[in-house]
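Biologist: I would like us to take a close look at a single part of this protein. Please go slowly, as a first-year student will be reading along.

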Amino acid sequence: MDYDPLEYPYGSRRMVMYARNGMVATSQPLAAGAGLEVLRRGGNAIDAAVAAAACLTVVEPTSNGIGSDAFALVWTGGRLYGLNSSGPAPQGISIETLRAAGHDEMPRYGLAPVNVPGAPGAWVALSERFGRVKLSDALEPAAEYAEKGYPLSPVLATAWSQAFQYYRTVLKGDEFEGWFYTFAPGGNPPQVGELWRSPGHARTLRLIGETNGAAFYQGELADRIDAFSRKHGGYIRKADLEAYRPDWVEPISVNYRGYDVWEIPPNGQGLVALIALNILKGFEFTAKEALDTYHKQIEALKLAFADGKKYITDPRHMSVAVADLLSEDYAAKRRLLIGERALEPEPGTPPRGGTVYLATADGEGNMVSFIQSNYMGFGSGIVIPETGISLQNRGHNFSLDPEHDNRLEPGKRTYHTIIPGFLTRGERAIGPFGVMGGFMQPQGHVQVIMNTVDFGLNPQAALDAPRWLWDQGKTVSLEHSLPPHIAQGLARRGHNIQWALDSGGFGRGQIIWRQENGVLAGGTEPRTDGAIAAW
């Protein structure tokens, strides 16, 4: 049968999914199924999140991998826990070493932007503290897909092909051979419906599971990463991996119209979403599809990003306190800057004092908001031979300006784009939400929360709604589904409006809300191959 898996001439609609015993929402159906499989075998929502996250390294390598970083918000036992599993820069790298190597800014690809991977550490930490099944059992569905292969879904295959076309022009050097061998076997990327397998990836996942992460951070896999880095002039060493530990952190929040919106504290950019919501709660919004609604959302986000890009970094190196950036007085001060015309965003002076997202829930009340990323697509372009370990390029976010808060330093965590979100009301968990996609993420969080709280949209409609993306200055990209009269009105107010050709840059989200009767209600992203597995 001959048909085009990327052609959809007729509009379609997804409905809200409901379940009682468990739910897993991810950007890939196979990963959702992996999480559900672990749930049905006696695992809880935390085990399901680990299973789905590991599976996504196999079934969506265009966005994440074993060499990724990760963050999580976990609701269990009536309280919320935060996990920061982003890795620091290697001890052997510095502004001076990169300048001596001829770099004026952080490289995008290769070994220089590779920080210590945190994702395997996140799986171990979550499993050890809150899981119910062995880590090896949680990782086995992912290992099976890597070993036996799986057929590519449409959006995945499109992103894979685009990455291949770009990488073959920019990845020059022996260090990148592993990427092409792994992800373009036979010289070409796999197509929609074609099977792809990665035996080395399967073996690596099983080693991590069997050793509870020790093989990756202290053993055989650490040795392989070290040897490859030394051979090709990289900076990461086994000692960096041995020293790494994820951090359990206290989530941060703002109250938005009676709901508490939670994010991971810096070095993540969830603070940007909270700053914007803190500004926006001082306005009244009567309609979603109104010019004033879009204008104020965009302006608040611009102000929040200006502060975030100036101040967010490893919290040990921030020059401004989070509490000061989220104070009511500072929000009121920034709110006064929003007028009828688009502004050029500038950071304020507060008073001194390539990503996958998934959500899981079970029938016992446990819920997880989890995000994992290589940063830019496949990441650094570095794959450790015969292991399937694709390394992130998160270090690209560091500044080589020695005066910048987010300047490169050995052992320092950089500004991080990936952010899981969570919503509560009083003592009750509403549930996890997130929108993946680089600097779109806090913008997506603000839009999804306002769709839910201000405009009463169900979780699926909150994700379906047309999105905007502030790029820089006064430039805003719009999805084609956004009403033309809104775009025209924004242009009259001084915004530089650009219509996007596709929806790839507007983020991909998942939502699970727990209703008062305990029933779970979920929505999944229509802009990707998203799916919800429910029980």
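How are H13 and H18 oriented to each other?

Modeller: Please keep in mind that this is a predicted model, and that what follows is computed from it. Helix H13 covers residues 291–311, helix H18 covers residues 484–492, and the two pack with their axes 9 Å apart and at an angle of about 55°. An angle that is neither under 35 degrees, nor over 145, nor from 65 to 115 counts as oblique, and H13 and H18 are therefore oblique to each other. The crossing in which H13 passes H18 is right-handed. On the side of H13, the residues that make the contact are Leu 291, Tyr 294, His 295 and Ile 298, while H18 contributes Ile 486, Gly 489 and Leu 490.

Staying with helix H13, we also find Tyr 311 there. Its relative accessible area is 2%, and buried means under 20%, so Tyr 311 is buried. If you want a sense of distance from this residue, Leu 135 is 176 residues away from Tyr 311 in sequence, and the two C-alpha atoms are 37 Å apart in space.

A second buried residue worth finding is Lys 412, which is placed in the loop between strand S13 (389–390) and strand S14 (421–425). Lys 412 counts as buried because its relative accessibility is 1%. When its neighbours within four places in sequence are left aside, the residues in contact with Lys 412 include Thr 313, Asp 314, Arg 316 and His 317, and among the others are Pro 88, Ala 89, Phe 398 and Asp 405.

Rings and charges can be followed in a similar way. The charged end of Lys 296 sits over the ring of Phe 283, at 5.0 Å from the ring centre, and the charged end of Arg 129 sits over the ring of Trp 248, at 4.7 Å from the centre of that ring.

Across the whole structure, a search finds 25 aromatic pairs. In one of them, Tyr 81 and Phe 130 have ring centres 4.9 Å apart and planes at 55°, so this pair is tilted. Tyr 81 belongs to strand S4 (residues 79–85) and Phe 130 to helix H4 (residues 119–130), and the pair links distant parts of the chain, 49 residues apart. Both Tyr 81 and Phe 130 are buried. Elsewhere, one aromatic cluster has Tyr 109, Trp 160, Phe 183 and Phe 378 among its members.

Methods. Residues numbered from 1 in each chain as written. Predicted model: local features only at pLDDT ≥ 70, side-chain atom pairs only at ≥ 80, totals over all residues. Heavy atoms only, no water. Phe/Tyr/Trp six-rings, centres within 6.5 Å; stacked < 30°, edge-to-face > 60°. Helix = DSSP H or I, 4+ residues; strand = E, 2+ residues; numbered from the N terminus. Buried < 20%, exposed > 50% of the residue type's maximum accessible area, 1.4 Å probe, protein only. Lys NZ or Arg CZ within 6 Å of the ring centre and 35° of its normal. Axes fitted to C-alpha atoms, helices over the stretch in contact; angles between N-to-C directions. Left-handed = near helix turned anticlockwise from the far one by under 90°. Contact = heavy atoms within 4.5 Å.
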